[in-house]
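Here is a walk through one protein model, residue by residue and helix by helix. Keep the structure open beside the text.

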Amino acid sequence: MPANLPPEYFKAEQKYLSAKTLEERIIATQELIRVTPKHKGTEKLLSNLKRRLAKLKKELQDQKKRRMGGGQRFAVKKEGAAQVALVGAPNSGKSTLLKWLTNANPEIAGYPFTTREPIPGMMPYQDVQIQLVEVPAIVRGSYYGKGLGPQSLGVARNADAIALVVDLSSDPIEQVKTLLEELELAGVKLNEQRGDETLDESVVFRRAIIIGTKADADGAGRRFSDLKIAYGGRFPMLPVSPLKGGDAAQLKEMIFKSLGIIRAYTKRPDEKAAERPLVLHAGSTVMDVAKAVHKDFSQNLKFARVWGSTKFPGQQVPKDYVLSDGDVVELHI
Ligand SMILES: Nc1nc2c(ncn2[C@@H]2O[C@H](COP(=O)(O)OP(=O)(O)OP(=O)(O)O)[C@@H](O)[C@H]2O)c(=O)[nH]1
Ligand SMILES: [Mg+2]
C-alpha cells in the first residue's frame, strides 16, 4: 500500500466499506480512483481499483437484467384504471381468487405451479375496471431462476400495486417473509417510501395489500390473527374464501383503496356530470383535471366549482385545490 495517499482516499474507502448497495459501491470506487494520486507508486492500486470497478459494473448489469425479468417476454399490457399483480406461493389460491373477482377463467388445481404464465382479468369496481394479473407462483429462489420466478417478479415490478396472496391453511407469516425476500431481491419494496439511503435507481416502490385465502380452513382464524400482529401495521389485509365465493365488495374496496387513485367527474355548467370518471393519482388538483381534459383548459383555467369534498356543493375553489375520490369538477376558463 503506497504511503502517500490523501485523506480523501480514506474517506472514500470508508464510504466503500459502509456501502449497502452495488450502486453505492460503484460510486465509492469511482471516488477512490479519482482521489488516488497518479504516479509509479500507485499504479498497482489503481489497476486493482479499476478491475474492481469493472466487476461491480458487470454485477450491476446482471442484476438489472434479472430484475427486468429477462426481457419483455412476460410483460402484461395494462388495461383499465390500474394493474394489480397477484403474487403468492404455489397453491395459495391465486387462480381461484382471480376467477372469483374477474372475468378470467384460469385453470385451478391442487398441485403446485398450475399457472405457467401471467393471467390477466378485469375486475369491475363501481364505475371503473381494475386489471388483476395472476403471476406464476413465487418460492424461495425464484429471483435466482427457480420456476418462472424472474418473469413473475418482472411482472410484479411493472404492476401499479401488489396483492400478496397467502394461504391461511398453512403458516402465512412464513409465506409473507419469503415473498418479501424475493421481491426485495428483485428490487421491489412494498409500502415503504423512497428515502435518502435508496440511491439505487433500480429499486421500485409499490403499494401492497395482503389477501388471506382459504379462510374456511381449520385454524385459519388464528393464523390470520397472528399475521395481523406481525404485518397489520404495514399492510391492509383481509381473510377470504374464494372457493366459496359470495359477496366480494369489501375485498374489492380494499383493492381499489390500495391503488392510491381517485375518480373525478367533469361537468359543464348547467349540465349533468360525466358518467365515466377520470382516474387520477391521489393528491391530484383541479389543475390536473384541466390538463387531462384539454390543453386549452389548463392554459386558461381561472377556477373551478366542486361538488363532493367541499364544504358547500358547487363551491368555488382555486386551481391548486386537492380533490377527493368521487368529486364532481366544473372547470371555468
Ligand atoms: N378450502 C379452500 N380451498 C381453496 C380455496 N381457494 C382455493 N382452494 C384450493 O387450493 C388449490 C389451489 O388453488 P389455485 O387457485 O389453483 O392456486 P394457485 O395459487 O393459483 O396455484 P398455482 O397456480 O399452482 O400457483 C385448489 O385445490 C383449490 O381448490 C378456498 O378458499 N378454500
Ligand atoms: Mg394458479
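His294 is partly exposed, because its relative accessibility is 39%, a value between the 20% and 50% limits. In this predicted model, His294 sits in the loop between helix H9 (286–293) and helix H10 (295–300). Now look across to Tyr144. The two residues are 150 apart in sequence, and their C-alpha atoms are 46 Å apart in space.

Tyr144 is exposed, with a relative accessible area of 59%. Tyr143 is buried, at 3% relative accessibility. What is the geometry of the aromatic pair that Tyr143 and Tyr144 form? The count of aromatic pairs comes to 4. In the pair of Tyr143 and Tyr144, the ring centres are 4.9 Å apart and the planes stand at 75 degrees. The pair is therefore edge-to-face, since planes over 60 degrees apart count as such. Another ring has a charge for company. Arg52 lies over the face of Tyr16, 3.8 Å from the ring centre.

Go back to helix H9, and to the loop that links strand S9 (278–281) with H9. Ser284 is found in that loop. Is Ser284 buried or exposed? Its relative accessible area is 8%, so Ser284 is buried. Leaving out residues up to four places away in sequence, Ser284 touches Tyr321, Val322 and Leu323. Thr114 is a distant reference point: it is 170 residues from Ser284 in sequence and 41 Å from it in space, C-alpha to C-alpha.

Next comes strand S2 (residues 119–125), where Tyr125 is located. Tyr125 is buried, because its relative accessibility is 9%. Which residues does Tyr125 touch, not counting those up to four places away in sequence? They are Ile130, Lys252, Glu253, Phe256 and Arg263. Gln61 is 64 residues from Tyr125 in sequence, and 40 Å from it in space between C-alpha atoms.

Lys252 and Phe256 lead on to helix H8, which spans residues 249–258. Both are among the buried residues of H8, along with Leu251, Met254, Ile255 and Ser258. An α-helix has 3.6 residues a turn, so residues three or four places apart point the same way. Just after H8, Gly260 adopts a positive phi of about 65 degrees.

H8 also packs against helix H4 (residues 94–101). The axes of the two helices come within 11 Å and cross at roughly 100 degrees. That crossing angle makes H4 roughly perpendicular to H8. Leu97, Trp100 and Leu101 are the H4 side of the contact, and they meet Leu251, Lys252 and Ile255 of H8. By type, the residues of this contact divide into 5 nonpolar, no polar and 1 charged. Lys252 thus appears in two places: it meets H4, and it touches Tyr125.

A second helix pair is worth a look. Helix H6 (residues 172–185) and helix H7 (residues 220–231) have axes that come within 9 Å and cross at roughly 40 degrees. H6 and H7 are therefore oblique to each other. H6 supplies Pro172, Ile173, Val176, Lys177 and Leu180 to the contact, while H7 supplies Arg223, Asp226, Leu227, Ala230 and Tyr231. Those residues divide into 7 nonpolar, no polar and 3 charged.

Terms used. Residues numbered from 1 in each chain as written. Chains lettered and ligands numbered in written order. Predicted model: local features only at pLDDT ≥ 70, side-chain atom pairs only at ≥ 80, totals over all residues. Heavy atoms only, no water. Buried < 20%, exposed > 50% of the residue type's maximum accessible area, 1.4 Å probe, protein only. Helix = DSSP H or I, 4+ residues; strand = E, 2+ residues; numbered from the N terminus. Axes fitted to C-alpha atoms, helices over the stretch in contact; angles between N-to-C directions. Parallel < 35°, antiparallel > 145°, perpendicular 65-115°, else oblique. Contact = heavy atoms within 4.5 Å. Nonpolar A, V, L, I, M, F, W, Y, C, P; charged D, E, K, R; others polar. Phe/Tyr/Trp six-rings, centres within 6.5 Å; stacked < 30°, edge-to-face > 60°. Lys NZ or Arg CZ within 6 Å of the ring centre and 35° of its normal.
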